[in-house]
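Biologist: Please take a close look at one part of this model for me: the nonpolar interior. Walk me through what builds it and what sits around it.

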Amino acid sequence: APEGSLAYTGDWRLHGRHPDLMKAFAEKCAGVDILLTEASTATADSSRSFMSDAPPPLPNVSERDVGEAFEALVAGARRGVYCSFHERNLERQSEIRDIAVSNGRTLVLSARSYAIWQRAAVAGFDDLDVSRGVAVWADDRVNAERVDARDAAAVTPSEVADDPRAFVCELRRWDRPRLLDMAAGPGDIYVHLNGYPHGPADPGWQVLETWTRELSIRFEAVSSHGHALRPDLQWLVEAVRPGVVVPVHTNAPDNFPQTTVPVRSARRGDVMSFSGDLM
């Protein structure tokens, strides 16, 4: 604007698959008057989630680490592998399929995920080709009318029970009763790869843990979320060198990592003016 310049990050991370995009953003925004950045990891206690009475969040690793951890779990699995993942992270889903195939397994998707794959492929995301290494739950009626899965291989829970080492199975929350039909139990692994439930602070987390505990299924959680780590918040501010940084999307803006740039905590009802004193 004529009065000054502002850059807003939205949610961002440097530990994903495309850190180059964030570095390009920082270069383009260098020297702005105000940098507005999400600061979800700026909490009252950096070792805990944004709710003071919530359990500690899952350790956060890089996107590359997620793939390596999942590869090791699948390669070492003696029986069935079940997983849940974030439906918007298409690149991770493609890697999950590739890991399943490289270990002689087929990835069994929900009808909803299959529909997302189809539409992504039509839009040009070639990595989600449903013709390789993918099947659909035969008994899935969720969104069935909107999913054209006539050419997809269909897999039943009884087929998984007969040969659990042949599959990696996506299980959404309403799919968990299939664990009973698949005779899931000792030797099987359930891997949570983000998505619902959204970590230990989510009430649904205890439900998932109860399922795996009662069936004696090994439970593993590997998390790489979509919010900047505290050191990366510092990196961005120093790379952009704005006149002032304003943390948002945090309940503890005063706990923003220390930088050489002034930090202005935004409060509900505040007015900031380029022509006024931003601090």
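Modeller: Here is the interior, followed by the cysteines and one pocket. Bear in mind that the model is predicted.

Start with the largest nonpolar core. It has 26 residues. Those with the most contacts inside it are Phe70, Cys83, Leu107, Leu109, Val168, Val191 and Leu193. Several elements each supply at least two residues of this core. The helices are H2 (63–76), H3 (90–102) and H4 (111–122). The strands are S3 (81–85), S4 (106–109), S5 (134–137) and S8 (189–193).

Now take Leu193. Leaving aside neighbours within four places in sequence, Leu193 is in contact with Val66, Phe70, Cys83, Ser84, Phe85, His86, Arg92, Ile96 and Val222. Two of these partners, Phe70 and Cys83, are also listed among the core residues with the most contacts.

There is a second, separate core as well. It has 18 residues, including Ala7, Leu35, Val245 and Val261.

Next, the cysteines. The structure holds 0 disulfides. Cys169 is in none: the nearest cysteine sulfur, that of Cys83, is 8.1 Å away, and the cut-off for a disulfide is 2.5 Å. Cys169 counts as buried because its relative accessible area is 1%, under the 20% limit. Cys29 is buried too, at 11% relative accessibility.

Last, the second largest pocket. Its volume is about 270 Å³. The lining has 13 residues, and Phe85, Glu87, Arg172, Gly195 and Tyr196 lie nearest the centre. By type, the lining divides into 4 nonpolar, 4 polar and 5 charged residues. Phe85 links the two topics: it lines this pocket, and it is in contact with Leu193.

Note on methods
Residues numbered from 1 in each chain as written. Predicted model: local features only at pLDDT ≥ 70, side-chain atom pairs only at ≥ 80, totals over all residues. Heavy atoms only, no water. Buried < 20%, exposed > 50% of the residue type's maximum accessible area, 1.4 Å probe, protein only. 1 Å grid on protein atoms, 1.4 Å probe; cavity = no way out; pocket = protein on both sides within 12 Å on 5 of 7 lines; lining within 4 Å. Points joined across faces, edges and corners; volume = space filled by probe spheres on them. Nonpolar A, V, L, I, M, F, W, Y, C, P; charged D, E, K, R; others polar. Core = buried A, V, L, I, M, F, W, Y, C linked by side-chain atoms within 4.5 Å. Helix = DSSP H or I, 4+ residues; strand = E, 2+ residues; numbered from the N terminus. Contact = heavy atoms within 4.5 Å.
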